[in-house]
Amino acid sequence: PAAMPFGVGAAPEASAQAATPTANCIASPTGRLLDAAGWKASTNAPSRSADAPANAIDSNFSTRFSTDEAQRPGLYLKLDLGSLKTFDELSMAVPNSSTDYARAYQVEVSTNDTTWSTVASCSGTRTPEVVSFPNQSARYVLVNLTSTSKYWWSVDEIRLYTNTPPAPSTTTTTS
């Protein structure tokens, strides 16, 4: 299948913003895409190797992460960005399994993989799911399911975006 850019096709629809009134659960990506090189993904779901978490960050819409079981609260997909990154948007797309989007989830961030802050609480109705929230500087991102569904949870690609301008490049010359 051809790669589907985020934000193309039907607009995502979502509702709940319960604990995080500054989150927008029906956003469209507007920022600069962060480079996922060096990121690691993990899960507590019983995924088969064909549905490994790393597939959600491989820039390939032909592979996916999947829970390989029905959605239930507490299943998560965690990203280790390798170092602190600044971002304010998260997008999850599963165009090849249109019923496997997250029905309800929280986006949480951490600098140390121990203390977590919830930046968004959303309910999804279709893929892609895009959520924006206040600027975060974190090394870890956790998408944690908060409801049940008879469908699996799958993510072909998860991406982070920032509206922060890139740092200017500097050149050092010697004379």
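Is Arg-126 buried, partly exposed or exposed? In this predicted model, Arg-126 has a relative accessible area of 31% and is therefore partly exposed, since that class lies between the 20% limit for buried residues and the 50% limit for exposed ones. Arg-126 is placed in the loop between S6 and S7, and its C-alpha lies 7.4 Å from the C-alpha of Thr-99, although the two residues are 27 positions apart in sequence.

The setting for this loop is a protein with nine strands and zero helices, so that, read from the N terminus, its elements run β-β-β-β-β-β-β-β-β. Of the 175 residues in the protein, 45% are buried, while the area that the protein exposes comes to about 8300 Å², with carbon and sulfur atoms supplying 51% of it. Among the contacts in the protein with a separation of 6 or more, 79% are accounted for by residues 24 or more positions apart.

One link between distant parts of the chain is covalent. The count of disulfides comes to one, and this disulfide joins Cys-25 to Cys-122 with an S to S distance of 2.0 Å. Cys-25 lies in the segment before strand S1 (32-33), whereas Cys-122 belongs to strand S6 (residues 117-123), and the pair therefore ties together parts that are 97 residues apart in sequence. The link of Cys-25 and Cys-122 is left-handed, with -75 degrees about the S-S bond. Cys-25 has a relative accessible area of 2% and is buried; for Cys-122 the relative accessible area is 2%, and this cysteine is buried too.

Aromatic side chains provide further links, and the structure holds three aromatic pairs. One of them is formed by Phe-65 and Trp-153, whose rings meet edge-to-face at 5.5 Å centre to centre, with 90 degrees between the planes. This pair links distant parts of the chain, with Phe-65 in strand S3 and Trp-153 in strand S8 (residues 149-155), 88 residues apart. Phe-65 and Trp-153 are both buried. Another pair, Phe-87 with Phe-133, is likewise edge-to-face, with 6.1 Å from centre to centre and 90 degrees between the planes. Because Phe-87 lies in strand S4 (residues 76-93) and Phe-133 in strand S7 (residues 129-145), the pair ties together parts that are 46 residues apart in sequence. Phe-87 is buried, as is Phe-133.

Where in the chain is Arg-64 found? Arg-64 is located in the loop between strand S2 (40-43) and strand S3 (65-71). With 17% relative accessibility, Arg-64 counts as buried, because the value falls under the 20% limit. The side chain of Arg-64 makes a polar contact with the side chain of Asp-51 at 3.4 Å. When residues up to four places away in sequence are not counted, the residues that Arg-64 touches include Ala-50, Asp-51, Ala-52 and Asn-55, together with Ser-97, Asp-100, Trp-152, Ser-154, Val-155 and Asp-156.

A further arginine is placed against an aromatic ring. The charged end of Arg-103 sits over the ring of Tyr-101, at 3.8 Å from the centre of that ring.

Key: Residues are numbered from 1 along each chain as its sequence is written. This is a predicted model: local features need pLDDT of at least 70, side-chain atom pairs count only at pLDDT 80 or more; totals for chains, interfaces and linings use all residues. Side-chain values use heavy atoms; hydrogens and water are left out. A disulfide is a pair of cysteine sulfur atoms within 2.5 Å. Helices (H or I, at least four residues) and strands (E, at least two) are DSSP runs, numbered from the N terminus. Buried means under 20% relative accessible area, exposed over 50%, partly exposed in between (1.4 Å probe, protein chains only). A polar contact is a pair of N or O atoms within 3.5 Å; within protein, one must be able to donate a hydrogen and the other to accept it, and residues adjacent in sequence count only if both atoms are side-chain atoms. Contact means heavy atoms within 4.5 Å. Accessible areas come from the Shrake-Rupley method with a 1.4 Å probe; for residues, only the protein chains shown count as cover. Rings of Phe, Tyr and Trp (its six-membered ring) pair if their centres lie within 6.5 Å; planes under 30 degrees apart count as stacked, over 60 as edge-to-face and the rest as tilted. A charge sits over a ring if NZ of Lys or CZ of Arg is within 6 Å of the ring centre and within 35 degrees of the ring normal.
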